[in-house]
Amino acid sequence: MSDGIKILLVEDNEDHAFLAKNALLKMPQCSVSIAPNSARALELLNSESFSIILSDYVLPDGDGIRLLQEIKKRGYCIPFVMVTGQGNESIAATALKEGADDYLVKSPGFFPELPHTVKNVLSRFDLEEERERLNQEIIRKNEELVRVNQKLSELAIRDGLTGVFNHRHFQEHLELEFARAKRYHLQLSCMMLDLDFFKAINDKYSHQFGDEVLKELAQILQDSVRQVDFLARYGGEEFVVLLPETGYTGASVLAERILRNVAQHVFQHDKNPIRLTVSVGVSSFPEDKVDRKDLLVELADRALYKSKSSGRNQVSLYGQVIENFSKELPQFQIDEKRMLDIRNRIYDITETVRKTYVEATKAMIAALEAKDPFIREHSEKVSRYSALIAQELNLAEDEVLIVEHAALLHDIGKICIDNAILLKPGPLTVEEYAVMKEHSILGYKILNPIKHLREELPLVLYHHEWYDGNGYPHGLKGHGIPLGSRVIAVADAFVTMTDTCRLYRKTVSYEGAVKELIVHAGTQFDPRAVEAMVKALVKRKEIGSDSYDKERLSRILSESGGNSV
């Protein structure tokens, strides 16, 4: 010890104390303090630090056992050696049991051996302390290892961005839940959710903001689902929820609650409030004839596609999708199970064609985006508003889908326009405008060879025709213009006026854009399409119900011939 050895000798016999002290002081750097009784020993312990205590068993105010107990009680951690004048195994056993480190008998060679005994006791004590320290270190390291392993295990099953479970862990959990549902004949529903127009958010605001949106959406979903439900990020902007012991009825309630919670949430970007929506698809076992876990997810995905292709911000149940689809098929006298299999196969083929069709559309838009980076956002907005107008006009579902896709492709002909004209940062000359007007015909020629786009062709070709006949390319008039083209014309004009991306154009507020649409209703635009646009904007709370000239719009509608479209 760097400070030397400080010994507390508790001995009431002065001769024994003298002999013991002289023997101990032969050790280098050693000091000895003598206490004649227990009380004095405790006083010295309270004021000084000692390396070891040597105590006689018999003391004037008690015995060495009681002193040892009091020292332990006060929390001192000092090696303690019990010394007695005669060998007594009972005293030795009691002393060692109470925590003494050694027991010595005052034999003839006792005093000369004291330094050796003290050194041995101190060495054993130091070794024991080191062993205890190492044990505590091992315990601490093991606890730390457990925490790290727990964190690693958590990271292995959690999505790094949103904190909800990841795709891999979802697949593991799905296997367990589906096996349990089949074995015990329990219900199990699967819900697929997709954030509407998420790419537009990334493109317009940044991918960093898109990440924040996903994190907030995950929290909304986490707050919406039940404790027994299993929420995971499926990939990109898609999330999935497993609902054990829940059928279509319970899943529908939860899905509608999620739709409301997301629609009511305000996402903030630089203090600008942004509202978003989600589309939801649901499948359910055993209500849907599912024989494997992957099919449960696949059916939910098909229902999700139905929600997105029908206008988004809605819930579709796969069972209802199949039921509605089957109503459109001829009814034959055929085995019900076989008929269900045929219907499912037809639906699968139809959905595959539709998906291929949509992917082809996206590929063409991507090609145009390479020329004009703003065109995708513009086209997607026009497509979205066109679908809303078509729904307000009560068009059939397949007709809404055609209008939506045609709107997405309405500017595809611009891919053939020279960049100097297409990207000119200012007004076009008369000659340049004449070239630009060719894009509707060019778009028609590009799409004409694609047989799955035949329904969209006339809508793309005539979306710049005016209701009064002063448009292009063929000067069609009134109802001679395809209804879908009239719808796209209104949506295109609205998006163009409210566009904030084109710096050389003055941006108009939504209310201002509606005012312009009403002013030009009956001349440039179909009044009925303008009315449908206004109704859609009011329903979505993008404009107030009293923010437009209702009397003027009603008068124009009346002059144009009532409700006919």
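This dialogue goes through a helix pair and the largest pocket of a predicted model.

Biologist: At what angle do helix 19 and helix 21 pack, and how far apart are their axes?

Modeller: In this predicted model, helix 19, which covers residues 483–498, packs against helix 21, residues 527–539, at an angle of about 55 degrees, and their axes lie 9 Å apart. Angles of 65 to 115 degrees count as roughly perpendicular and those under 35 degrees as roughly parallel, and helix 19 and helix 21 are therefore oblique to each other.

Biologist: Is the crossing of helix 19 and helix 21 left-handed or right-handed, and which residues make the contact?

Modeller: The crossing of these two helices is right-handed. Helix 19 contributes Arg486, Val487, Val490 and Phe494 to the contact, while helix 21 contributes Ala529, Val530, Met533 and Leu537. Sorted by character, the residues of this contact comprise seven nonpolar and one charged, with no polar residue among them.

Biologist: Turning to the largest pocket, how much space lies in it, and which residues are the closest to its centre?

Modeller: The largest pocket holds about 1400 Å³ of space. It is lined by 36 residues, of which Arg275, Arg384, Tyr385, Arg540 and Glu542 are the closest to the centre.

Biologist: Which element supplies the largest share of that lining, and how do the lining residues divide by character?

Modeller: Helix 13 gives the largest share, with eight residues. At least two lining residues each come from helix 7 (198–205), strand 12 (272–274), helix 13 (375–392) and helix 21, the last of these being the helix that packs against helix 19. By character, the lining of the largest pocket consists of 14 nonpolar, nine polar and 13 charged residues.

Key: Residues are numbered from 1 along each chain as its sequence is written. This is a predicted model: local features need pLDDT of at least 70, side-chain atom pairs count only at pLDDT 80 or more; totals for chains, interfaces and linings use all residues. Side-chain values use heavy atoms; hydrogens and water are left out. Axes are lines fitted to C-alpha atoms, for helices over the stretch in contact, and angles run from 0 to 180 degrees between N-to-C directions. Helices (H or I, at least four residues) and strands (E, at least two) are DSSP runs, numbered from the N terminus. Angles under 35 degrees count as roughly parallel, over 145 as roughly antiparallel, 65 to 115 as roughly perpendicular and the rest as oblique. A crossing is left-handed if the near helix is turned anticlockwise from the far one by less than a right angle, and right-handed if clockwise. Contact means heavy atoms within 4.5 Å. Ala, Val, Leu, Ile, Met, Phe, Trp, Tyr, Cys and Pro count as nonpolar, Asp, Glu, Lys and Arg as charged, and the others, Gly among them, as polar. On a 1 Å grid over the protein atoms alone, a cavity is a set of points where a 1.4 Å probe fits but cannot get out, and a pocket is an open set with protein on both sides within 12 Å along at least five of seven lines; lining residues have an atom within 4 Å of a point. Grid points are joined across faces, edges and corners, and a volume is the space filled by probe spheres set on the points.
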